[in-house]
Amino acid sequence: MLIQKLKKHWLAVLSVTFSLLTALFWLALRVNWSGISKQFGADTNRSFFIMETPLMLCIVMFLAVIFAIAASFIWSGKRKWPFITSLSLSGVFLVLEIVVVIMGAKDYVVFILPKFGESVLIAACLAVFGLLLFFPPTGRGKLCTALKCVTLSVAVLGTVLIAFDVKANYFTYEAVVYAVEDEYQIVFSTNDESLAWVEIDGEKYYDLYAGSMKSKDLVHKVTVPQEKLDKAGKYTIGAQTMIYRGPFGGYKGKEFTKEYSFRPVNSSDGLVFYTMSDVHGSRKGAARAAANVKDMDFLVILGDSYTMIDSEYDAQFTNLLAFDTTKGEIPVVYARGNHEIKGLYAEDLYKYVGSKNGNFYYEFTFGNYDGGSKDVFGITLDIGEDHDDDWWEYYGTAQFQQYQAEQTAMLKDIVDSNKNDGFKYTLACSHIPVQFINQRGNHAEVKTMWTELLNEIAPDLVVSGHQHDLYPFLQNDGLGNVRTENNADGTLTYNAEFKPNKTFNGRVTDYRFNSFIAGRRGTTQTDKVGALNKRDHIGLETRADFAAGTQTHVYLNAQGQRVSVYNPFVNGAAKTEFTTKLK
């Protein structure tokens with residue numbers, strides 16, 4: 001009966017299906033809507049028509065879907081022109097979508113297609129429900145009976161599972177140990193809402209909110225004293241599903257645990273750490289590159305691990321990346337990237353990674369406790385977005401001036417109290433480079449101020465990312481390094497031997513520290529890599545030799561090769577190793 005109706009009204013079915021798919025794909029393209037407005041001139045013209053054209057097109061497309069559905073009930077089997085009109089209009093929309101993809105959205109296909117697929121799946125389920133509602137099977141044959149039995153069984157089973165929360169308990173994302181101040185924040189996740197804890201030497205530390213155990217989250221962050229874990233050398237994560245939490249009683253599931261070994265930072269034989277940034281989903285390549293670093297003491301992740309934080313998976317991606325390298329056995333330092341401010345889950349990111357009071361700026365130390373050596377004093381900074389707050393693409397949501405002012409106060413406090421005195425090594429981390437100001441002059445004032453304060457703090461190294469390039473900014477330190485300087489007109493000039501893929505035409509602040517920009521997809525300093533390439537990535541290995549008073553820096557790619565790198569703003573040959581002085 002149903003199949004016969006579909007065959008009879010095939011043109012109507014095709015019209016509804018085609019128009020719906022076209023509209024759903026345009027909706028999935030919304031990550032690129034600002035780019036469409038930009039092509040129309042949104043950088044200089046913020047009129048309603050230009051800014052809202054993508055949304056208006058979306059409304060028109062869904063109106064076309066409604067028209068096709070209405071036509072199916074009114075004219076199906078009587079007239080063909082409504083369906084031919086609908087198909088023609090949807091064909092025009094499809095051509096438009098193809099143009100948008102070719103002109104720029106192709107780099108975001110890995111985000112667009114999953115959202116499109118999810119929408120199609122939901123639409124298909126609703127369509128099946130609608131067909132069963134309006135055209136229920138009426139036959140008495142075996143197939144019809146089987147369909148009714150399967151549908152009833154699925155409904156009953158689903159009801160039982162939802163009502164009694166019957167599911168296996170397990171860890172979905174394994175433990176990552178983030179360093180924040182003089183503590184570790186151990187982050188892991190479960191498949192169901194659970195109570196969670198970490199056990200060290202028989203003592204439990206709980207995932208708490210105002211003294212009560214949290215029980216409605218899948219991601220868990222447990223703070224433990226750095227000294228305790230460093231001395232124990234191992235820890236156990238534990239969780240227990242909360243089936244029902246009532247006001248005066250509840251039901252809990254079975255406890256499940258997993259043990260990890262842990263190796264604290266030890267500077268007695270030097271210091272080794274690896275910096276990765278701007279992975280943008282290239283998990284395999286970044287992990288392969290990091291695997292070439294021997295005896296790593298800690299890992300630094302400088303943000304933009306993923307291109308947006310629009311789902312649970314996106315929010316967890318940094319943890320996947322960190323665990324690939326550390327296995328939960330060494331500490332991780334995290335600085336937020338500007339792309340991690342974008343997306344539905346962006347404002348929950350602090351739950352998933354190292355943070356302090358919901359913020360992504362803080363001090364961190366290694367070995368700063370009684371009886372332990374003071375190995376590393378560190379600072380993470382977070383400028384925020386890469387344009388100024390009034391940039392149109394932020395649609396009024398960027399309010400970073402106060403946030404930046406708080407970080408300025410933190411840096412001043414470090415200077416005034418000499419907090420890094422006595423530490424063997426001082427490291428500063430920031431996704432957006434502090435010492436480089438682009439040609440638009442974004443954040444020039446705060447970058448200049450932070451540079452002056454960092455000059456007083458005198459870090460041994462400043463690491464950053466964001467530019468998707470491999471750039472050293474060095475001092476004249478007596479080791480053959482030449483400082484990057486501004487020209488007379490305040491701009492930078494390029495190394496005559498360097499052939500960049502792009503220009504930045506910026507300038508530098510009056511920095512007095514050595515700094516490296518690290519992190520890009522690729523195998524060399526200048527190769528072009530497509531957005532779908534997840535195999536190749538380049539990061540920075542740093543080894544500090546305290547006896548010699550020097551540190552060496554090597555860019556490594558996923559093939560385990562040292563990357564030959566030019567200093568783009570200073571004349572000279574490319575190097576596979578840079579040596580700088582410790583302060």
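1. In this predicted model, a convenient place to start is Thr275, which stands opposite Leu540 in strand β21. The wider pairing here is between strand β10, residues 271–276, and strand β21, residues 538–545, which run antiparallel and are joined by five bridges.

2. Both strands belong to an open sheet of nine strands with mixed pairing, whose order reads β7-β2-β1-β12-β11-β10-β21-β22-β23. At its edges lie β7 (219–225) and β23 (578–581), each of which pairs on one side only, and from one strand to the next the twist averages 30 degrees.

3. Helix α9, made of residues 283–290, packs on the sheet and touches β10 as well as β22 (550–557), with a direction that makes about 165 degrees with that of β10. Helix α10 (residues 312–326) lies across β1 (171–180), β2 (183–190), β7, β10, β11 (298–301) and β12 (331–334), and runs at about 75 degrees to β1.

4. A pair of helices also deserves attention: the axes of α11 (residues 401–417) and α12 (residues 444–457) come within 9 Å and cross at roughly 15 degrees. Since angles under 35 degrees count as roughly parallel, α11 and α12 are therefore roughly parallel to each other, and their crossing is left-handed.

5. On the α11 side this contact is made by Gln404, Gln407, Thr408, Leu411, Lys412, Ile414 and Val415, while α12 contributes Val446, Met449, Trp450, Leu453, Leu454, Glu456 and Ile457. By class, the residues of the contact of α11 with α12 divide into nine nonpolar, three polar and two charged.

Technical notes
Residues numbered from 1 in each chain as written. Predicted model: local features only at pLDDT ≥ 70, side-chain atom pairs only at ≥ 80, totals over all residues. Heavy atoms only, no water. Pairing = 2+ DSSP bridges. Helix = DSSP H or I, 4+ residues; strand = E, 2+ residues; numbered from the N terminus. Axes fitted to C-alpha atoms, helices over the stretch in contact; angles between N-to-C directions. Contact = heavy atoms within 4.5 Å. Parallel < 35°, antiparallel > 145°, perpendicular 65-115°, else oblique. Left-handed = near helix turned anticlockwise from the far one by under 90°. Nonpolar A, V, L, I, M, F, W, Y, C, P; charged D, E, K, R; others polar.
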